[in-house]
Structure formats: structure tokens, C-alpha cells
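Visitor: I am new to this structure and would love a close look at just one part of it. Could you help me see how a single strand sits among its neighbours?

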Amino acid sequence: MLGWFGLDDDAPPGEGDRILARLSVRLTDAGLRVAGAVQRNTDKGADCACDMDVLVIGEEDAPVRISQSLGSGSTGCRLDPGALEAAAARVAARMAGAELLILPKFGRQEAVGRGFRGVIAQAVADDIPVLLHVPPEQRAAWAEFCGGMDERLSPDGLADWCLEQAVRVP
């Protein structure tokens with residue numbers, strides 16, 4: 001019930017986000033009740049960091065900006081953890097009746113118990129299959145969190161896995 005995929009080191013930045021965004025539209029158009037969120041990064045040019053927005057599925061017209069501008073020369077993390085928590089709460093409120101939960105990734109926040117981690121746990125408790133991207137640097141934390149209940153998928157096989165899982169949802 002916990003499906004994840006990784007990408008090759010030479011994959012373009014944001015490729016996992018684009019894969020999940022296309023997949024969520026495809027599955028929704030096919031009639032699947034999909035909950036969750038996808039991330040959209042907006043390039044602001046060579047001298048600026050991108051803007052990061054979370055689009056809650058079903059509320060795409062109200063994105064949550066999860067990046068914060070720290071000013072030029074800053075080296076700290078640009079993620080706004082409060083905004084990420086707000087996005088997670090919006091996803092949690094839309095999970096009832098879902099056949100599948102798609103989330104952007106199991107990132108640093110999830111590795112330390114924040115972000116979408118509680119949403120993932122709730123989906124498992126509610127028998128809702130979960131699909132997300134797991135970057136290489138978070139795979140050990142992911143493995144510890146899942147306790148062997150996960151399945152690594154090929155990016156080419158994501159749609160088939162999602163459809164198979166949705167059939168199993170009670």
C-alpha cells in the first residue's frame with residue numbers, strides 16, 4: 001500500500017514533481033478518486049531560487065507557497081515548514097473516500113516526523129494506497145518509517161500500480 005519511486009541522479013530537477021502531476025490528472029480523468037498533493041516549482045531565472053507551491057488535488061486553484069524568500073546570499077533552507085503543515089492539513093481534510101493518495105515526496109520534514117508524515121500514516125490506517133517520490137538522501141528514513149510495507153516502483157509502472165491498488169480499496 002506504500003508505493004514509491006526514485007529517479008536517476010541525472011534526472012532534471014523537479015522531474016518527480018512533473019511525473020506525479022501528470023499522473024494525478026490522468027488518474028482523476030480516468031475516474032479514480034485521488035486525494036493528495038503535487039508540487040509545482042516556478043523558475044525565476046538563473047539568479048533566483050524557484051518558487052515552490054503545493055497544489056492540493058481538488059483545490060488546484062488555491063496553491064500553498066511552501067518556499068520563502070530569504071534574500072540574496074542566504075544559504076539556509078527556503079522551505080516554510082508552517083506552510084507545508086498547512087498543506088498537509090488540507091490534504092488530510094480531503095482524504096475521506098479516496099481510492100489513492102498521491103504526495104510529492106518523503107523529504108527532510110517527513111524524515112523527522114513532520115510534513116506529510118502524519119497524512120501517510122492516516123492513509124495506511126484508512127487502507128488508502130499511497131504513492132510518492134523518495135529522493136536518495138531520504139531512503140534510509142523512508143525504509144525505517146515503512147518497516148518493509150513499501151514497494152519500489154519504476155516510474156513507467158506508476159499508473160498500473162495505482163489502478164491495481166485502487167481496485168483493492170474496500
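In which sense do S5 and S6 pair, and over how many bridges?

Guide: Happy to help! This is a predicted model, where local features need pLDDT of at least 70 and side-chain atom pairs pLDDT 80 or more, while totals for chains, interfaces and linings use all residues. Residues are numbered from 1 along each chain, and side-chain values use heavy atoms, without hydrogens or water.

S5 and S6 pair in the parallel sense, over three bridges (strands pair if DSSP finds at least two bridges between them; helices, H or I, of at least four residues and strands, E, of at least two are DSSP runs numbered from the N terminus). Across this pairing, Lys 105 faces His 133 of S6.

On the other side of S6 comes S1, as the sheet order S4-S3-S2-S5-S6-S1-S7 shows. S1 and S6 are also parallel, joined by four bridges, and here Gly 3 stands opposite Leu 131 of S6. The sheet as a whole is open, has seven strands and is mixed in its pairing. Its edges are S4 (64-65) and S7 (150-153), each of which pairs on one side only. S7 runs parallel to S1 (residues 2-5), with four bridges between them; one opposing pair there is Phe 5 and Leu 153.

Now turn to the two faces of S6. Val 130 and Leu 132 on one side, and Leu 131 and His 133 on the other, are all buried (under 20% relative accessible area, with exposed over 50% and partly exposed in between; 1.4 Å probe, protein chains only).

Which helices touch this strand? Helix H4 (residues 117-125) lies across S1, S5 and S6, at about 160° to S5 (angles run from 0 to 180 degrees between N-to-C directions, along axes fitted to C-alpha atoms, for helices over the stretch in contact). Helix H1 (residues 15-29) packs on the sheet as well, where it touches S1, S2 (34-42), S5 (100-105) and S6 (130-133); H1 makes about 165° with S5.

S6 also helps to cover helix H6 (residues 158-168). Leu 158, Ala 159, Trp 161, Cys 162, Gln 165 and Ala 166 of H6 are buried, and what covers them includes S1, H1, S5, S6 and S7 (contact is heavy atoms within 4.5 Å). On the face of H6 turned away from this buried side are the exposed residues Val 167 and Arg 168.

To see the strand in place, find S6 between S5 and S1 in the sheet, then look at its two covered faces.
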